[in-house]
Amino acid sequence: MIFTTPYFSFPPISISISNKSPNPKLIPAGINYVIRCSTSTPGLPVTTERLRNDTPLTGGAYDFEKATTSLTKKVLDSPKKVTIVRHGLSSWNEESRVQGSSNLSILSEKGTMQAERCKMALSDMHFDQCFSSPISRAKTTAEIIWKGKEEPLVFLDSLKEAHLFFLEGMKNEDAKRIYPKEYTTWREDPSNFCVDGVYPLQKLWGRAHEAWEEILLTPGENFLVVTHKSILRALICTALGLGPERFRSVDINNGGLCVFKFNKEGEAMLQSLNMTAHMYTDHVYHY
C-alpha cells in the first residue's frame with residue numbers, strides 16, 4: 001500500500017485494513033507500507049520511507065535520525081530522555097540585578113515554592129540521576145526537587161551560568177546607565193558581547209557541549225538537570241545545532257521545564273519547551 005502526501009509531516013491518521021485488525025491505529029502485521037513524501041515544487045525528488053509493521057501512525061515522529069548532529073560523537077549505551085529545569089525565582093531576579101555566575105543570589109521564598117511545585121509536578125517521573133549547577137540558586141532548587149532520592153546529586157561546573165564580569169550584581173537600570181555600550185550589546189547582540197577579548201557566549205557554548213557529553217555518557221536512560229537560563233539556552237541551541245547568535249531565540253521561565261529525547265547516536269529531539277502548567281495548577285507530568 002502507498003500513501004502520497006504533498007507535505008513532509010503527517011496529520012493523525014487511523015488505518016484499518018481488516019475488520020479483524022485488533023488495533024486500527026497500528027499497521028497490521030505482515031502488511032508492508034511505503035510512505036512517499038514530496039513537495040509541490042517541480043524537480044524535487046520523491047522521498048520514500050518504509051515503516052515497520054508495528055509503527056503507530058498517530059502523528060508523532062517516527063524517527064529523528066540525522067535531524068541534528070551528534071553531541072557525543074560516539075554511540076550511547078541506550079536512548080536518553082533529559083528534563084531540564086530552570087531554578088526558581090532568586091533574590092536578584094526579584095531585585096532586577098544582573099546575576100551571571102555570582103553565587104550571592106539565593107533562592108527567594110517564592111523561588112522555594114516554585115521548586116516545591118517542580119518536585120510535585122515530577123513526582124510520578126523516575127530519574128536515574130540528577131545533575132545540577134553548583135551555584136546556590138540552582139543547587140537549592142535541585143536539593144528541593146531531589147530530596148528523598150537514594151542517588152546523590154551530581155554537581156557539574158559545566159552547568160554554571162555565564163560569567164558577565166563587572167555587570168554581575170548591578171541593577172539593570174544602573175548597568176545600562178554606567179556601561180551603556182556593554183550592557184546594550186549584552187541585551188541586544190549578546191554573541192558579540194566581549195570583555196578584555198573574552199566572549200562569554202563562546203565560553204558558554206563550549207561548556208554546554210561539555211555538559212551534554214558528561215550527561216549523555218552517564219549510564220541510565222532518564223536524567224534531570226537543574227541550571228540557569230543562559231546555560232539552559234545554550235544547552236537547547238547546541239542540541240539543535242544553533243549558534244550563539246540564536247541565544248535569545250528561546251526563553252525559559254523560572255521553574256520552567258524542557259524535555260529532550262536522544263537516540264543512541266546522541267542526536268537530539270526537543271520534545272517540550274518551557275512547560276509551566278505546574279506553576280499555576282497542581283498538574284503532574286507523565287511523559
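Strand S8 is mostly covered in this predicted model, with five of its six residues buried. On one side of the pairing pattern, S8 joins S4 in the antiparallel sense over six bridges. Within that pairing, Thr83 has Val259 in S8 as its bridge partner. S8 also runs antiparallel to strand S9, residues 268-275, and five bridges join the two. Here Phe262 stands opposite Ala268 in S9. S8 and S9 together form a hairpin that leaves five residues between them, and Gly266 in the turn has a positive phi of about 80 degrees.

Positive phi values also turn up away from glycine. Most residues other than glycine have a negative phi. Lys73 nevertheless has a positive phi of about 60 degrees. Lys73 lies in the loop between strand S3 (47-50) and strand S4 (80-86), and its relative accessibility of 68% makes Lys73 exposed. Ser96 is another such case, with a positive phi of about 55 degrees. The loop between helix H1 (91-94) and helix H2 (109-121) holds Ser96, which is partly exposed at 39% relative accessibility.

Turning to the annotated positions, the unreviewed UniProt entry places the feature "active site" at His87 and Glu161. These positions span 75 residues in sequence, yet their C-alpha atoms are no more than 11.2 Å apart, so they gather at one spot. Both His87 and Glu161 belong to the lining of the second largest pocket.

His87 sits in the loop between S4 and H1. With a relative accessible area of 1%, His87 is under the 20% limit and therefore counts as buried. Beyond its neighbours within four places in sequence, His87 is in contact with several residues, including Asn93, Gln99, Arg137, Thr141, His228 and Asn254. Glu161, for its part, is found in the loop between strand S6 (154-155) and helix H4 (172-178). Glu161 is also buried, at 9% relative accessibility. Leaving aside neighbours within four places in sequence, the contacts of Glu161 include Gly100, Ser101, Arg137, Arg207, His228 and Lys229. Arg137 and His228 thus appear among the contacts of both His87 and Glu161. The side chain of Glu161 also reaches the backbone nitrogen of Ser230, at 3.0 Å.

Charged side chains supply a further set of links, as the structure holds eight salt bridges. One of them joins Asp77 and Lys80, whose closest N and O atoms are 2.7 Å apart. Lys80 is buried, with 3% relative accessibility. Another connects Glu95 with Arg97, again with the closest N and O atoms 2.7 Å apart. In this pair Glu95 is partly exposed, with a relative accessible area of 37%, and Arg97 is likewise partly exposed, at 27%.

A salt bridge of 3.4 Å, N to O, brings together the side chains of Arg233 and Asp251. This pair links distant parts of the chain: Arg233 belongs to helix H7 (residues 229-239), while Asp251 lies 18 residues away in the loop between H7 and strand S8 (257-262). Arg233 is buried at a relative accessible area of 6%, whereas Asp251 is partly exposed at 40%. Lys229 joins Arg233 and Asp251 in a network of salt bridges. Lys229 is also one of the residues in contact with Glu161.

Terms used
Residues are numbered from 1 along each chain as its sequence is written. This is a predicted model: local features need pLDDT of at least 70, side-chain atom pairs count only at pLDDT 80 or more; totals for chains, interfaces and linings use all residues. Side-chain values use heavy atoms; hydrogens and water are left out. A salt bridge is a side-chain nitrogen of Lys or Arg within 4 Å of a carboxyl oxygen of Asp or Glu. Buried means under 20% relative accessible area, exposed over 50%, partly exposed in between (1.4 Å probe, protein chains only). Helices (H or I, at least four residues) and strands (E, at least two) are DSSP runs, numbered from the N terminus. Two strands pair if DSSP finds at least two bridges between them. UniProt positions are given in the numbering used here, feature names are shortened, and annotations may be inferred rather than shown by experiment. On a 1 Å grid over the protein atoms alone, a cavity is a set of points where a 1.4 Å probe fits but cannot get out, and a pocket is an open set with protein on both sides within 12 Å along at least five of seven lines; lining residues have an atom within 4 Å of a point. Contact means heavy atoms within 4.5 Å. A polar contact is a pair of N or O atoms within 3.5 Å; within protein, one must be able to donate a hydrogen and the other to accept it, and residues adjacent in sequence count only if both atoms are side-chain atoms.
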